[in-house]
Amino acid sequence: MESSRRALLLVAMAATVIGLASASFRDNCDIKWNPENAAFSDDGHGLTMSLKSNSSGCLLQTKKQFIYGSVSTLIKLVPGNSAGTVTTYYTSSVGADHDEIDFEFLGNETGQPYTLHTNVFADGVGKKEMQFVPWFDPTADFHAYTISWTPCMIVWYVDDVPIRVFRNYRDKGIAYPIKRPMFGYSSIWSAEDWATQGGRVKADWSKAPFVAGYRDMVLDVCPCDGADSCVYGCAGAFSHGGRQQNCAGLTDQQRAKMQEVQKSHRIYDYCVDYRDNKKPGPECSLPQY
């Protein structure tokens with residue numbers, strides 16, 4: 001998290017690649033769906049998004065695309081009875097065979113914990129879910145959620161604690177996002193048919209609006225329009241750049257923290273629980289950190 005809050009990233013290359021930092025939601029993002037359900041703080045660094053009915057919701061998208069880097073924000077989830085709601089924070093490309101890296105927060109009945117859902121899509125293929133029960137109350141205060149995406153690996157962080165790693169094994173035939181620029185997104189929407197206890201518990205619309213809060217989006221990324229030179233330059237920047245943005249992997253301390261979270265708070269791992277008779281992917285037998 002410390003690196004994701006640094007100032008601009010400067011990398012000496014054929015051209016200097018500059019990342020965004022401390023992005024204002026108002027200045028650096030667009031509300032693409034139901035802007036009437038979004039409210040900015042006076043300085044633009046705070047945002048709330050509301051879900052008022054099963055056909056409403058709200059979606060934010062960064063104005064710029066990027067290849068590699070870290071995107072981070074503070075989120076305070078919907079309090080009380082949040083059953084049937086999904087709050088998200090993710091990156092995604094557009095078009096066919098899309099790439100995507102997900103944080104999704106599945107609501108629950110009052111007194112029952114959220115489900116923290118992670119997934120990654122590459123070349124249009126996902127189904128790489130890993131889920132956790134938070135070890136804190138994500139509705140009582142703001143917590144930091146970070147997606148770090150480099151040419152070597154993707155890491156999901158919660159409050160500076162890595163909870164999952166997905167490594168690049170394209171050389172072994174395993175899809176990994178490397179060529180499609182992504183936007184950053186946040187949203188809140190209704191998923192009554194599946195989000196809470198498999199759809200058994202529906203949203204209580206008498207409690208609407210359901211409101212999620214956001215603060216201080218930080219983008220430490222390589223802006224990219226998709227041109228080959230841009231993709232190549234960004235790959236070089238983040239392969240050979242500084243500290244947590246490089247390919248050195250997790251530190252011993254980070255690895256220990258992640259293993260503890262996965263041991264104590266992980267409730268689903270696609271590599272272990274073979275639902276619908278599907279077999280684990282080849283990446284499941286390879287080291288991830």
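This passage describes the disulfides, the burial of selected cysteines and the unusual backbone geometry of a predicted model.

A disulfide is a covalent bond between the sulfur atoms of two cysteines. In the predicted model, a search of the whole structure identified three disulfides. These are treated below in turn, with the position and accessibility of their cysteines where available.

One disulfide connects C222 with C234, and the S to S distance is 2.0 Å. The torsion about the S-S bond of this pair is about -75°, so the disulfide between C222 and C234 is left-handed. C222 belongs to strand β16, which spans residues 210-223, while C234 belongs to helix α2, which spans residues 228-240; the bond therefore ties together parts that are 12 residues apart in sequence. Both ends of this link are shielded. C222 has a relative accessible area of 2% and is buried, and C234, with a relative accessibility of 1%, is likewise classed as buried. Since buried residues are those under 20% relative accessible area, the values of 2% for C222 and 1% for C234 place each cysteine in that class.

Another disulfide is formed by C224 and C230, with an S to S distance of 2.2 Å. The relative accessibility of C224 is 6%, and this cysteine counts as buried. Its partner C230 also counts as buried, at a relative accessibility of 17%.

The remaining disulfide joins C271 to C284, whose sulfur atoms lie 1.9 Å apart. For this pair the torsion about the S-S bond is about -75°, so the disulfide is left-handed. C271 and C284 are each located in the segment after β17 (266-269), and the pair links parts of the chain that are 13 residues apart. The two cysteines fall into separate accessibility classes. With a relative accessibility of 18%, C271 counts as buried, whereas C284, at 26%, counts as partly exposed. The assignment follows from the cut-off: buried means under 20% relative accessible area, and partly exposed covers the range between that limit and 50%.

Accessibility was also computed for two further cysteines. C29 is buried, with a relative accessible area of 5%. C58 counts as buried as well, and its relative accessibility is 0%.

Attention then turns to the backbone. Most residues other than glycine have a negative phi, and most peptide bonds are trans. Departures from each of these patterns occur in the model. The peptide bond between A208 and P209 is cis, with omega of about 5°. P209 is situated in the loop between β15 (183-190) and β16, and β16 is the strand that contains C222.

A positive phi is found at D97, where the angle is near 50° although the residue is not glycine. D97 lies in the loop that runs between β8 (85-92) and β9 (100-106). At a relative accessibility of 48%, D97 counts as partly exposed.

D159 likewise has a positive phi, near 50°, and is a residue other than glycine. The loop between β13 (153-158) and β14 (161-167) holds D159. This aspartate is partly exposed, with a relative accessibility of 34%.

Note on methods:
Residues are numbered from 1 along each chain as its sequence is written. This is a predicted model: local features need pLDDT of at least 70, side-chain atom pairs count only at pLDDT 80 or more; totals for chains, interfaces and linings use all residues. Side-chain values use heavy atoms; hydrogens and water are left out. A disulfide is a pair of cysteine sulfur atoms within 2.5 Å. Helices (H or I, at least four residues) and strands (E, at least two) are DSSP runs, numbered from the N terminus. Buried means under 20% relative accessible area, exposed over 50%, partly exposed in between (1.4 Å probe, protein chains only).
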